[in-house]
Protein chains: 2
Amino acid sequence: MKLIEAKQQFISSWGAFGTHWGINRTMAQIHALLLVSPDPLTQDDIMEELDISRGNTNMNIRELINWGLVERVLLQGERKEYFTAEKDIWKVVKQIVKERKKRELEPMLQLLDKLEDVEGDKRDKHVKTFVDTVSSIKKLGKQADKTLDVMVKAEENWFVGNLLKFFK
Amino acid sequence: MKLIEAKQQFISSWGAFGTHWGINRTMAQIHALLLVSPDPLTQDDIMEELDISRGNTNMNIRELINWGLVERVLLQGERKEYFTAEKDIWKVVKQIVKERKKRELEPMLQLLDKLEDVEGDKRDKHVKTFVDTVSSIKKLGKQADKTLDVMVKAEENWFVGNLLKFFK
DNA sequence: ATTAATTTTCAATAAATTTTGAAAATTCGG
DNA sequence: CCGAATTTTCAAAATTTATTGAAAATTAAT
């Protein structure tokens with residue numbers, strides 16, 4: 001397979017993949033493009049490669065920057081802004097985990113804390129089932145939260161260390 | 001907070017949560033409703049509680065069954081079908097991981113295998129960056145795959161065992 | 001300060017996804 | 001086998017989400 005074709009497949013699959021994870025297609029595609037580009041690209045480069053509008057490109061680049069996955073690069077003597085993606089995949093994963101933890105897991109745990117205090121007689125099976133379900137989700141969520149903290153702080157690839165611990 | 005209100009909040013947040021994970025709102029809400037319901041519910045119960053149409057209810061229940069998160073229950077002497085959700089959250093998580101692994105991670109790894117074989121001179125930085133990126137994603141993906149296998153096979157809560165290993 | 005290059009915004013539009021509801025299919029008791 | 005109850009399907013409609021593109025804002029060189 002030729003590079004051009006492989007690149008297109010990579011970008012398009014990464015985009016489809018993203019949609020299964022609540023990330024919009026274009027954002028994932030821009031990320032994929034930057035991941036496989038050796039040098040920083042401009043907004044115009046990205047627009048052209050992916051055949052998307054200026055506004056769309058701009059908004060999604062900014063979103064990638066918010067996620068900490070892409071950064072602006074200023075090339076000396078150049079007026080235009082360039083963009084580049086972190087290439088160390090382990091760092092990318094840690095960054096995504098960190099953000100999703102903050103944006104989703106933590107607010108969910110806060111809500112569960114509140115919901116666990118529901119009024120009512122625990123002998124009522126509706127109350128009991130509700131409280132038990134909420135508690136067990138909360139418990140698991142808190143453990144996941146701690147585990148992910150360890151993961152995010154890990155310098156080297158956490159999965160490797162993990163497997164070693166399991167199999168030794 | 002009263003049970004009714006807490007339940008509504010739980011269902012609605014679970015739905016919103018789902019949309020961040022590529023799961024449709026209704027499917028997540030039906031799942032939430034069944035999780036906090038002590039007894040199995042019929043399609044009509046679900047339609048009424050969530051105020052959604054018969055078709056929508058039916059399709060999403062079936063999808064939850066495909067995911068292995070909900071099962072049909074036949075109550076003796078009853079013509080209607082009843083539905084119930086697995087209440088053990090650890091089992092729920094394992095089931096979701098198992099499915100997503102099969103549906104997403106594995107096909108992605110297959111694709112990366114193919115893309116890694118791109119033709120071209122590795123001294124060309126475009127080729128090199130592409131191959132390096134694909135390889136490193138593949139490597140991490142394969143490790144994650146193995147780790148998740150361990151997790152899916154774990155009888156008790158994997159996060160707990162995990163943390164213990166880290167802190168001992 | 002002027003102006004041209006560049007980036008950002010956002011209302012309008014397009015596309016994708018979800019939901020409805022009625023018709024068709026299936027199931028099951030008698 | 002009949003018919004009522006129940007489930008399933010799916011085209012059309014509604015809703016949500018993503019994209020466009022032109023105008024506004026910003027930036028930086030002269």
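Modeller: Helices, which are H or I runs of at least four residues, and strands, which are E runs of at least two, come from DSSP and are numbered from the N terminus. With that numbering, B:Asp51 of this predicted model is placed in the loop between helix H3 (43-50) and H4 of chain B.

Biologist: Why is B:Asp51 called exposed?

Modeller: A residue is called exposed if 12 or fewer other C-beta atoms lie within 10 Å of its own. B:Asp51 has 6 such neighbours inside 10 Å, and therefore counts as exposed. The backbone here also deserves a look, since B:Asp51 has a positive phi of about 55° although it is not a glycine.

Biologist: What makes a positive phi worth pointing out?

Modeller: Most residues other than glycine have a negative phi. In chain A there is another such case, A:Asp51, whose phi is near 55° and which sits in the loop between helix H3 (43-50) and H4 of that chain.

Biologist: How do you know that A:Asp51 is exposed?

Modeller: The cut-off for an exposed residue is 12 or fewer other C-beta atoms within 10 Å, and A:Asp51, with 6 of them, therefore meets it.

Biologist: Turning to the whole of chain A, which elements does it hold, and in what order?

Modeller: Chain A contains seven helices and three strands, and from the N terminus on they follow the order α-α-β-α-α-β-β-α-α-α.

Biologist: Why is chain A called more spread out than a compact globule?

Modeller: The globule rule gives 15 Å for 168 residues, whereas the radius of gyration of chain A is 21 Å, well over that value, and so the chain is described as more spread out than a compact globule. Taken along the principal axes, its C-alpha atoms fill a box of roughly 70 × 45 × 35 Å. Of its 168 residues, 26% count as buried, a label that requires 20 or more other C-beta atoms within 10 Å. Among the contacts in chain A between residues at least 6 apart in sequence, 46% join residues that are at least 24 apart.

Biologist: How many residues does each chain bring to the contact of chain A with chain B?

Modeller: The contact takes 51 residues from chain A and 51 residues from chain B. On the side of chain A that touches chain B, at least two residues each come from helix H1 (3-19), helix H5 (89-116), helix H6 (125-153) and helix H7 (158-167). H6(A) gives the most to this side, with 15 residues. By class, the side has 27 nonpolar, 15 polar and nine charged residues. Within the contact of the two chains, H1(A) packs with helix H5 (residues 89-116) of chain B at an angle of about 170°, their axes being 11 Å apart.

Biologist: Why are H1(A) and H5(B) called roughly antiparallel?

Modeller: Angles over 145 degrees count as roughly antiparallel, and the angle of about 170° therefore makes H1(A) roughly antiparallel to H5(B). On H1(A) the contact is made by A:Ala6, A:Gln9, A:Phe10, A:Ser13 and A:Phe17, and on H5(B) by B:Glu104, B:Met108, B:Leu111 and B:Leu115. These residues divide into six nonpolar, two polar and one charged.

Biologist: What makes H6(A) and H5(B) oblique to each other?

Modeller: H6(A) and H5(B) pack at an angle of about 60°, with their axes 9 Å apart. Roughly parallel requires an angle under 35 degrees, roughly antiparallel one over 145 and roughly perpendicular one of 65 to 115, and the rest count as oblique. The two helices are therefore oblique to each other. Here A:Ser136, A:Ile137 and A:Leu140 in H6(A) meet B:Ile89, B:Trp90 and B:Val93 in H5(B). By class, this contact has five nonpolar, one polar and no charged residues.

Biologist: Which residues come nearest to DNA strand D?

Modeller: Of the 18 residues around DNA strand D, those that come nearest are A:Asn24, A:Ser53, A:Gly55, B:Gly55 and B:Glu81. The elements giving two or more residues to this surface are helix H2 (25-35) and H4 of chain A together with H4 of chain B. The largest share, four residues, comes from H4(B).

Biologist: And which residues are the closest to DNA strand C?

Modeller: DNA strand C is surrounded by 18 residues, of which the closest are A:Gly55, A:Glu81, B:Asn24, B:Ser53 and B:Gly55. For this surface the largest share, four residues, comes from H4(A). By class, the surface near DNA strand C has two nonpolar, nine polar and seven charged residues.

Note on methods:
Residues are numbered from 1 along each chain as its sequence is written. Chains are lettered from A and ligands numbered from 1 in the order in which they are written. This is a predicted model: local features need pLDDT of at least 70, side-chain atom pairs count only at pLDDT 80 or more; totals for chains, interfaces and linings use all residues. A residue is near a molecule or strand if its C-beta atom, placed from the backbone, lies within 6 Å of it. Ala, Val, Leu, Ile, Met, Phe, Trp, Tyr, Cys and Pro count as nonpolar, Asp, Glu, Lys and Arg as charged, and the others, Gly among them, as polar. Two residues are in contact if their C-beta atoms, placed from the backbone, lie within 7 Å. Axes are lines fitted to C-alpha atoms, for helices over the stretch in contact, and angles run from 0 to 180 degrees between N-to-C directions. The radius of gyration is taken over C-alpha atoms; the globule rule is 2.2 Å times the number of residues to the power 0.38.
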